[in-house]
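I opened my notebook to record, step by step, what I looked up in this structure. My plan was to begin with single residues and to go on to the empty spaces.

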Amino acid sequence: MTHATKDPALAAGLGETPDHVLLRIDGRQALSVETVAAVAAACDRAEDQGGRAKVIVQVSGAPRGPRAHDLTVALVNKWEQVLRRLERLPAATVAVADGDTGGVALDAFLAVDHRIATRSVRLTVPVQDGATWPGMALYRLAKHGATGAVIRRAVLFGTPVEAADGLALNLVDEVVDDPAKAVAVALERSGAIAGTELAIRRQLLLDAPTVSFEEALGVHLAACDRALRRAAGAGGRP
């Protein structure tokens, strides 16, 4: 899904290349089959390159009108599943948000490895019919930012989370004036690890808060064994 970002420099500085896949998501648009397909296609392209290509998710916009009348739980489930696929890709994922960011844009923003925001960003949970939308963005907001006052207000009342608060709560990794430059730096930093090895380490990180030491030990030992076998197969090189 492609849309014009508020930041012309950002639009000019980001584009799809052999080294990365670019996915643009407009939060003003209602969730649709096309939205799901766009994310799935980006995941396909990244997987086809074995994790060598990074994924950039460019998001902006928040819902302005009523929820689509034809929205179903089945479609919401497909959306959540494709976001989970994005979250588990064997490739580094970076998102950059500009301005108000809500709905499908917020969902995608929270599902990546590294989250960059311009100073104008406000993360918003959509409100309709007297309640916030209870999608998995609420889960990710709480998971990344705990359940402090700012998160409670966002989840319960739809109060926007400003960029500075998002940074303080670990919802945002960077608040920047030059998002295109920040994306380039993030991609460079992520260059050392790719493919399945990245996915394994990401999962170890995600699982850590919810599993005991005893449960985690076996999985970590298996990952260490895999790393040692890879090194031996490469003649001792890491």
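In which loop is V125 found? I looked this up in a model that is predicted, and I found V125 in the loop between strand 5 (122-124) and strand 6.

**Entry 1: V125**

Next I wanted to know whether V125 is buried or exposed. The relative accessibility of V125 is 6%, and because residues under 20% count as buried, V125 is a buried residue. I then listed what V125 touches, leaving out residues up to four places away in sequence, and I wrote down L106, T132, W133, L138, L141, A154 and G158. I also looked up the spacing between V125 and V161, which are 36 residues apart in sequence, and their C-alpha atoms lie 9.1 Å apart in space.

**Entry 2: helix 6**

One of the residues that V125 touches is A154, and A154 is also among the buried residues of helix 6 (residues 149-157), which are V150, I151, A154 and V155. Looking down the axis of helix 6, I noted that these buried residues fall within an arc of 120°, so they line one face of the helix. On the other side of helix 6 I found L156 and F157, which are exposed. What covers the buried residues of helix 6? I noted that the cover includes strand 7 (131-132), helix 5, strand 8 (161-162) and helix 7 (163-168). Just after helix 6 comes G158, which takes a positive phi of about 75°, and G158 is also one of the residues that V125 touches.

**Entry 3: G27**

I turned to a second loop residue, G27, whose place is between strand 1 (20-26) and helix 2 (33-48). G27 has a relative accessible area of 0% and is therefore buried. Leaving aside neighbours within four places in sequence, I found G27 in contact with S60, G61, A62, P63, G102, V104 and A105. The C-alpha atoms of G27 and V59 are separated by 7.1 Å, although the two residues are 32 residues apart along the chain.

**Entry 4: the cavity**

For the next entries I looked for empty space. Rolling a probe the size of a water molecule over the atoms shows where such space is left. How many cavities of 30 Å³ or more does the structure hold? I found 1 cavity of that kind, and the volume of the largest cavity is about 50 Å³. V125 came up again here, since the lining of the largest cavity consists of G103, L106, D107, V125, P126, W133, G135, M136, A137 and L138. Helix 4 and helix 5 are the elements that give two or more residues to this lining, and the largest share, 3 residues, comes from helix 5. Sorting the lining of the largest cavity by class, I recorded 7 nonpolar, 2 polar and 1 charged residues.

**Entry 5: the pockets**

What is the volume of the largest pocket? I wrote down about 550 Å³ for the largest pocket. It is lined by 22 residues, of which V112, D113, H114, R202 and L205 are the closest to its centre. The elements that give two or more residues to this lining are strand 3 (93-102), strand 4 (114-118), helix 5 (136-145), helix 8 (179-189) and helix 9 (195-207), and helix 9 gives the most, with 5 residues. By class, I noted 11 nonpolar, 4 polar and 7 charged residues in the lining of the largest pocket.

The second largest pocket has a volume of about 450 Å³. Of the 25 residues that line the second largest pocket, A30, P63, R67, G103 and P126 are the closest to its centre. I had already met P63 as a contact of G27, and G103 and P126 in the lining of the largest cavity. Helix 3 (73-87), helix 4 (104-109) and strand 6 (127-128) each give two or more residues to the lining of the second largest pocket, with the largest share, 3 residues, coming from helix 3. By class, this lining has 14 nonpolar, 6 polar and 5 charged residues.

**Entry 6: the whole chain**

Last, I looked up values for the protein chain as a whole. Its secondary structure comes to 10 helices and 9 strands, and of its 238 residues, 45% count as buried. Among contacts between residues at least 6 apart in sequence, I recorded that 73% join residues at least 24 apart. The accessible surface of the protein chain comes to about 12200 Å², and 57% of this surface belongs to carbon and sulfur atoms.

Terms used: Residues are numbered from 1 along each chain as its sequence is written. This is a predicted model: local features need pLDDT of at least 70, side-chain atom pairs count only at pLDDT 80 or more; totals for chains, interfaces and linings use all residues. Side-chain values use heavy atoms; hydrogens and water are left out. On a 1 Å grid over the protein atoms alone, a cavity is a set of points where a 1.4 Å probe fits but cannot get out, and a pocket is an open set with protein on both sides within 12 Å along at least five of seven lines; lining residues have an atom within 4 Å of a point. Grid points are joined across faces, edges and corners, and a volume is the space filled by probe spheres set on the points. Helices (H or I, at least four residues) and strands (E, at least two) are DSSP runs, numbered from the N terminus. Ala, Val, Leu, Ile, Met, Phe, Trp, Tyr, Cys and Pro count as nonpolar, Asp, Glu, Lys and Arg as charged, and the others, Gly among them, as polar. Buried means under 20% relative accessible area, exposed over 50%, partly exposed in between (1.4 Å probe, protein chains only). Contact means heavy atoms within 4.5 Å. Accessible areas come from the Shrake-Rupley method with a 1.4 Å probe; for residues, only the protein chains shown count as cover. The arc is that of the directions from the helix axis to the C-beta atoms.
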